[in-house]
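Please read the following report alongside the sequence and the coordinates. It takes up the fold of one chain, the contact between two chains, and a single helix.

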Amino acid sequence: MIDEFSRLSIGRIMSVAFRSAKVALHHSFAERKTTIKDLSMLMQRRSFLSRAGLGLGTTAAMSLLARDLVASGSLPTNSPGLPAGISGSLSLPHFPPKVKRVIYLYMSGGPSQLETFDYKPKLAEMDGQPMPESFTKGQPIAQLQNAPLKVQGHLTKFNRYGKSGAWISDFLPHHRKIVDEICIVKSMVTEQINHDPAHTFMNTGTAINGRPSIGSWVTYGLGSDCDDLPGFVVLTSVGGRNPQPISSRQWSAGFLPSRYQGVEFNSTGDPVHFVRNPDGVSRALQQKLLDGIGRLDRHRNELVDNPELATRISAYELAFRMQASIPRLMDMSDEPQSILDMYGAKPGDGSFASNCLLARKLAERGVRFIQLYHRGWDHHGDLVRYMNMCGGFTDQATAALLLDLKQRGMLHDTLIVWGGEFGRTPMFQGKGGPGRDHHIKGFSMWLAGGGIKPGYVYGETDELGYNASVDVVHVRDLHATLLHQLGADHQRLTHKYQGLDMRLTGVLPARVVREILV
Amino acid sequence: MTRDRRPLYVLALQMCAAVPLWLPSVTVAQEISSPDFAEQIRPLLSDRCYACHGPDEKHREGDLRLDELDGVTKQREGGRIVVPGDAKASLLIKRITSNDPAEVMPPPESGKSLTEKEKLILRAWVDDGATWRKHWAYELPREVPTPSVDISADIHEPANWIDSFIAQKFSAVSGQWSPQADDITLLRRVTFDLTGLPPAVETVSAADLSKFGQYERYVEQLLASPAFGERLAVYWLDLVRYADSVGYHGDQEHHSTPYRDYVINALNDNLPFDQFTREQLAGDLLPNPTEEQIAATCYNRLLQTSHEGGVQPKEYLAMYAADRVRNVSGVWMGATVGCAQCHDHKFDPYSDRNFYELAAFFADVDESTHLTKGADASPTQRFPEKDFLGRVERQQLAKIRTEIQSLEEEQSRLAEAVTDSTKRTAEQLASLITAAKEQEQAIANQTRRAMVTVSIEPRVMRILPRGNWLDDSGDVVSPALPSFLGKIDRGAGSPSRLDLANWFCDARHGAGLLTARVFVNRFWYLMFGEGLSTSLEDFGGQGDAPSHPELLDQLAIEFVRSGWDIKHMFRLLATTRTYRQSSLESPWHRQHDPENKLFSRQARFRLPAEFVRDAALTYGNLMVRQVGGGSARPYQPGGYYKHLNFPPREYVHDKSSNQWRRGVYTHWQRMYLHPMLRAFDAPSREECTSKRTRSNTPLSALVLMNDPSFIEAARGLATNRLLDSTADDRLRLNYMFQLVTSRTPDPLEYDVLRQLLDDSRQEFRGLASEARKLNAIGMMQTGELKLDAVELAAWTMVARGILNLGEAYTRN
């Protein structure tokens, strides 16, 4: 039995051996359309390899070969035989990337910009007075429909911190430590005012369902650097006000091939569905089963020579590697106590803090897009109480993640995004104690890491924090910027669907927010 | 002149050094020298030009329109856009070949460009006389005689007229049929295709397809099987985005299963497609509608709804209207009218007005109640709803009522003669009647609820500028067809949903033939793995032209002529020589027809998600066949619904025999589709899906390896074989393999599995407790069978090996 390590080694050797053949292959076709032919030759090589008796290692070799082909641009994104989990798009990156990966801290529910980053002295002055109609007339509104609208002053204190002197509220004390690392954007706008479509909009660029999420676009375009984990991983945690639902649509591959969908890692039960062997079956026996399946499928394929079957064989091998690598990854026992304390993580508790630590480990392993959801930011009432809770759950770990990546020399090639699906109204809403309703015309997010200006504040809202008024950043602009940092031009990262060249940023104007880039 | 130039193109092309070996069918010279308008020219113009010079009036540049002949031949400053027969004099050619970045079309900033070859093709088209035809999908199918091609039909390889069209295309490129598939492959293929299930072992061993008429008789059996309706329903339910939950926000359950039963029954009854259409879109408007016709109208309610607090009714009613237009146009027109929600369509002649006029057909559907009477409950309420009895229950009820009636008649006869003996009989009768009435009540209580369509005073439908629901400045519109497709004349009144349904299926005065073409293409896809046009969802300008346009037309005409007989169409397709071919690829295929555009072989692909499940349950002898009924809840990982709220949800898997029902009945939670279905590419059913992706991912491998449903199926397969006490290991193993693959294992296959058996025995012998753990997965009770735990576990491992073979779930 070839062990995993030597299997990979054989893979690499084979990959080198075929590089020259691959180059020849590439040059013999004048047009990129030759992919199917390319691929069938690839598959012929693969069945040659299995006939040559190289056993399990051959498919690993082929996946590496395929990855090389992808990297060289001679394989398209959606070739039918591409090994699962390892693939990317034609001619990407479009330009040198600034970052290798994204960690997206998704504050689900819509955190209040007016209790985090957007300080408005005028708001306090007008506390309790009617909200001027000039702001609200004809504007979309959620739960405050038909209610009197009055101004709600800040529900906490703000201060300036760091060299940048950016305003941070008392709900986020640990942000003081990272204020000079992050770039706060105060002028975000979105188009959807209810949670569900707003999540869809923030993640896919449209409120129409069935479109790919950012993470899917990114892995579709760039593939993943990891051979035994999915390229797009979603982690979720809870805590705070009766949390609003989230949908797997938010990490769906939409019309892109399914292998680009986000894979949710669970903090309880099996980390990934069905990743654990059935009760009573040891890893050794499961391996024998898998070897048997592989031998039988390969044997059959010598007769039928079906590229799909070849893909299947490599999918099984990757699945088996995942069965080993995922539990290892979830195991925090080798993390020193100081690191656990830094994050505030208790292994296995499923908290946002543990997920932040897990995100770092995923980043180290080469996972391309990691999205962490923390639900509970929907504060229609009792905002102070729930902001304390949400801050308590997320603030320390957020800062720790950023600083930990920095101390490991990984911040410079990681992009961190922090934000929700929308913000909250400057107007009072009173379910329980004072709170705020959904708001889409101006809210705050922040970015940090590779290529982003550290200690920088971009954009402004008006004096009451209602409308983004200076340097407005639309969700599409955020998407364009995010792709840009990864080396992808949002106008060229496309996929044909229903006759259209679909893209994350759609057809309406979108721009890279160059002002926040180094 | 044009003739003289032909060699030049060829020469030019050779100079490009781009004569790719892989080019199928037509040679490069042919492709460039006499381009086909529908296949080559229109798609080019559409893709590269129509975004700015197409149907979208508001974004049209330079008042130039290239999607209509008038626009193309228009006189402009500096000449005419296209002078038929004279490329040199045509502005179009001048602009596309210009070297000046300010002049060249498409402009560099559009991100679009034309390759040298494409420019040559356009030039050749103009020189050839610039033939112009309407977009193929908007032209009515035209009847043509069946080509007189030798299709070598004989008793061993029977064929029908469809094959003549396929063969005709072969002759141009020296293609040929693949040999007929072997009996096992063909039987598995046709059984999977028509029923979604594997064939019974006995069927395969008894079959001899070389016997005249045997295959055809088998096809008839399959078409008559209730599994046919279930199989085709899976496809239909994808189109109409059928699900058990609302889809937005809390994703609460809603009531819809009677609709699923309606679809399965209608397909099994072979309800003509035009009537099937009418009943779903407008069953409530038919005279004296039956229960089933009312259940059919649940179609209009299947859209996604939100029960989130704080939704603005006006916004959501606008979203619902758009959802309906996307679905109706996607299902029946193969059109993407949804694109015109915010702007005129870029590639097809649908204006935003057309979009809202189409939406107006559905403005009378009562849908707004839940927006004001919302409840954080699951199932939620979406009035109007109605309780239905299933077909089986209705039959049982009718039967018991007849019985009660006759018992009561007997009773009244007895009442006339009072003797001691009749008294006793009367008492017995009375208790029988009581029991029967209790039974009647019990059956009558087995209703299931479904949302239905009730027509109310139509909502005002306005054009929403840029799709903005806050903007009330747009015109109020009434129901109308997209103008280029025709008109429904109702005098002073507005046309109704029923008129729309009739128009979809009226081949004389309506779009019947176009609708038929959309559907026969989908039927073809289901039987051949790919459509004649690959764009099952988009017959618009950006859709792919069909590989065999004349055949597609004849099939559409046949469908209408047969009286919209769905089974007839499947019978026709299943009995072609084209269908019966082998799916193996030869070097010729790989070189000349890698995408199988010629259909010179059959397709091979993994089964759709539901049929993967069905196959495993069948192999494991667990399948419970019951047509219709409530949704089934197979095992599902705990906590999978943890992100749902309002109310929080806990999934409880079925503890009854409902556990082992076909995939088509699986509870469909839009936001969190069952992980097994999701891993095998089943769609969330938020939007119309006409073609699923087919992927092979590690996640699907994990399902087959470790999902309890599949472990249990393996145990079922093992148990079944162990019960045969006369069999030895070899017989057991061979038969088990045969149950799954329909064939016996070859020596290597036998050895591999035998080794797995020995290894497993060895492992479990030392660890009987582990064996018992494996044997305890799933609800299937085998304890009373007193099987040896180690043996059962070891054979379960062998069964797992067989149940994980690609062959078990591949349709070849």
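What share of the contacts in chain A with a separation of 6 or more do residues 24 or more positions apart account for? In this predicted model, such pairs of residues account for 76% of those contacts. Chain A holds 14 helices and 17 strands, and of its 518 residues 61% are buried.

Between the two chains, 72 residues of chain A are in contact with 79 residues of chain B. On the side of chain A that touches chain B, the elements giving two or more residues are the helices listed here.

| Helix of chain A | Residues |
|---|---|
| H2 | 35-51 |
| H7 | 195-204 |
| H9 | 283-304 |
| H10 | 307-330 |

H9(A) gives the most to this side, with 11 residues, and by residue class the side of chain A that touches chain B divides into 27 nonpolar, 30 polar and 15 charged residues.

In chain B, helix H8 covers residues 183-195. Because a helix is expected to span 1.5 Å times one less than its number of residues, the 13 residues of H8(B) should span 18 Å, and the end C-alpha atoms of this helix are indeed 18 Å apart, which agrees. H8(B) is mostly covered, with 11 of its 13 residues buried; among them are Leu186(B), Leu187(B), Val190(B), Phe192(B) and Leu194(B), as well as Arg188(B), Arg189(B) and Asp193(B). After H8(B) comes Gly196(B), whose phi is positive, near 75°.

Notes: Residues are numbered from 1 along each chain as its sequence is written. Chains are lettered from A and ligands numbered from 1 in the order in which they are written. This is a predicted model: local features need pLDDT of at least 70, side-chain atom pairs count only at pLDDT 80 or more; totals for chains, interfaces and linings use all residues. Two residues are in contact if their C-beta atoms, placed from the backbone, lie within 7 Å. Helices (H or I, at least four residues) and strands (E, at least two) are DSSP runs, numbered from the N terminus. Ala, Val, Leu, Ile, Met, Phe, Trp, Tyr, Cys and Pro count as nonpolar, Asp, Glu, Lys and Arg as charged, and the others, Gly among them, as polar. A residue is buried if 20 or more other C-beta atoms lie within 10 Å of its own, exposed if 12 or fewer, and partly exposed in between; C-beta atoms are placed from the backbone.
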